[in-house]
Amino acid sequence: MASVSLSARPAVARLSAAPAQSLAKAKRLAISATPVSLASHGVAAGSAPRWAMTVTGPPKVSESPADGGAKKPGPTLIVPQQRAHTISKERLAIIESMDGWAEETLLPLLKPVESSWQPQDYLPHPEQDSFLDELKDLQARAATLPDDYLVCLVGDMITEEALPTYQTMLNTLDGTKDETGASPSPWAVWTRKWTAEENRHGDLLNRYLYLTGRVNMRAIEKTINYLIGSGMDPKTENNPYLGFVYTSFQERATFISHGNTARHAKEFGDDRLAVICGLIAADEKRHEKAYCAIMARLFELDPSGAMLAFEDMMRKQIVMPAHLMYDGENPRLFDDFSAVAQRTGVYTAGDYADIMEHLIAVWDVEKMGGLSPEAARAQEFVCKLPPRIRRLAERAADKVKKGGPQTGKFSWVFNREVKLV
């Protein structure tokens, strides 16, 4: 469930474990962006698309207490205006009635461990005499990869490596969470085994990038450390209706992103990396099928509730999993990473609109009847939103072009300059 983002700025500032002047600088960055007005497009104030330059203000910061003069670990990021446990009793009962359906529909989409690919299947084998020759071949192929491609691949890998955050997020959802850590409920089994399958993605990309010798692994490892420590705020409110809209969208986004890195790797001459990214994309596609099936079932059982949830998440906009990405140096790291992904075509504003249209078609949203008046209005809003997003994206792109070329340094590639726009 990982992807790059359209975001120009997350809704909170990235604050480092740095001196006070650095914290003040980060706060200034948080309030200096120019908001984009979307009221005429039916998007509520404060809920601009993640690719729009907008922030709600600086976050609250909780300083960690000193312990016997020990060095402080730094400030804790607190995301403001979070909501929790918003599902109604009636809709929670619907979720709880779906246990049998989940066992019959979701669990068969998982693959047996013994017949599944593992990261080592696609890496040089250190126990074999051919290891050094295989390593030389890998590095020769990787030498053809440009820095902007490496930035996108590293960003995808870092997002995959924050998997503990995503399992935590799924286990916040009322009615489907793993109550014990080893619960036999089908929802809990799905979450654990989904996590196990996803875990291979970060493992494989991490080891591959390490072996290339092209990237700064310590800077990457720091970014992963920061990201897992910061968590994420997908605005799903412990509500499985909202949560499964989010995961449906995210799995589709990750499928697109990894599919594009596979295509680009092949174009650059690294056929083995193309296979690796393609394998990961295939997993994401299968996982997307599961989450879309959950929402399709909710549209059958509670069409109005599912429609309102879809509208809710689209109005708030999808927050990408790595929106709190930070490397200890660049408070705008996620923005810069997203800009490179947009420019290279790994993941774009057009993809965001495409995903919306895909979900509208998969769930047959346009033709759905029997809705409450409020849900019918939500249906109209959702169906009209993709072309509006495309128009906004085009305007944003035109504005960026007028600003001229921009570059940024990435610690992941030893602070080399990479073209942003």
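What does Asp364 count as at 40% relative accessibility? In this predicted model, Asp364 counts as partly exposed, a class that lies between buried (under 20% relative accessible area) and exposed (over 50%), as assessed with a 1.4 Å probe on protein chains only.

## Basis of the model

The model is a prediction, in which local features need a pLDDT of at least 70 and side-chain atom pairs count only at pLDDT 80 or more, whereas totals for chains, interfaces and linings use all residues. Residues are numbered from 1 along each chain as its sequence is written, and side-chain values use heavy atoms, with hydrogens and water left out.

## Overall architecture

The protein has 14 helices and four strands; these elements are DSSP runs numbered from the N terminus, with helices (H or I) of at least four residues and strands (E) of at least two. Of the 421 residues in the protein, 55% are buried. Where contacts (heavy atoms within 4.5 Å) join residues at least 6 apart in sequence, 80% of them join residues at least 24 apart.

## Salt bridges

There are 25 salt bridges in the structure, each being a side-chain nitrogen of Lys or Arg within 4 Å of a carboxyl oxygen of Asp or Glu. One of them joins the side chains of Asp270 and Arg141, with an N to O distance of 3.2 Å. This pair links distant parts of the chain, for Asp270 is in the loop between α9 (240–267) and α10 (271–301) while Arg141 is in helix α4 (residues 131–142), 129 residues apart. The two partners can also be described by their accessibility: Asp270 is buried at a relative accessible area of 0%, whereas Arg141, at 25%, counts as partly exposed.

Helix α10 takes part in further salt bridges, described next through Asp283 and Glu288. Asp283 pairs with Arg200, and their closest N and O atoms are 2.5 Å apart. Because Asp283 lies in helix α10 and Arg200 in helix α7 (residues 186–212), this salt bridge ties together parts that are 83 residues apart in sequence; both residues are buried. Arg252 and Glu288 form another salt bridge, at 3.4 Å from N to O, which links helix α9, where Arg252 lies, with helix α10, where Glu288 lies, across 36 residues. Arg252 and Glu288 are likewise buried. Elsewhere, salt bridges link Arg83, Glu237, Asp312 and Lys316 in a network.

## Helix α13 and the residue that follows

Helix α13 (residues 349–362) has 14 residues and reaches 20 Å from its first C-alpha to its last, close to the expected 20 Å, where the expectation is 1.5 Å times one less than the number of residues. At its start, a side-chain oxygen of Thr348 comes to within 3.2 Å of the backbone nitrogen of Gly350. The buried residues of α13 include Ala349, Tyr352, Ile355, Met356 and Leu359, and Asp351 and His358 are also among them. These buried residues pack against α9, α10, α11, α12 and α14 (373–402).

After α13 comes Asp364, whose phi is positive, near 55°, although Asp364 is not a glycine. Asp364 lies in the loop between α13 and α14.

## Two other loop positions

His85, which is not a glycine either, has a positive phi of about 55° and is placed in the loop between β2 (75–78) and α2 (89–96). Met320 is in the loop between α11 (303–316) and α12 (333–344), where Met320 is buried, with a relative accessible area of 0%. The C-alpha atom of Met320 is separated by 7.6 Å from that of Gln250, which is 70 residues away along the chain.

## Cavities

Rolling a probe the size of a water molecule over the atoms shows where empty space is left. A cavity is a set of points, on a 1 Å grid over the protein atoms alone, where a 1.4 Å probe fits but cannot get out, and its lining residues have an atom within 4 Å of a point. Grid points are joined across faces, edges and corners, and a volume is the space filled by probe spheres set on the points.

A search of the whole structure finds three cavities of 30 Å³ or more, and the largest holds about 50 Å³ of space. Its lining is made up of Leu170, Thr176, Trp187, Trp190, Thr191, Phe244 and Tyr291. With three residues, α7 gives the most to this lining.

How values were computed:
Polar contact = N/O pair within 3.5 Å; in protein donor to acceptor, adjacent residues only side chain to side chain. 1 Å grid on protein atoms, 1.4 Å probe; cavity = no way out; pocket = protein on both sides within 12 Å on 5 of 7 lines; lining within 4 Å.
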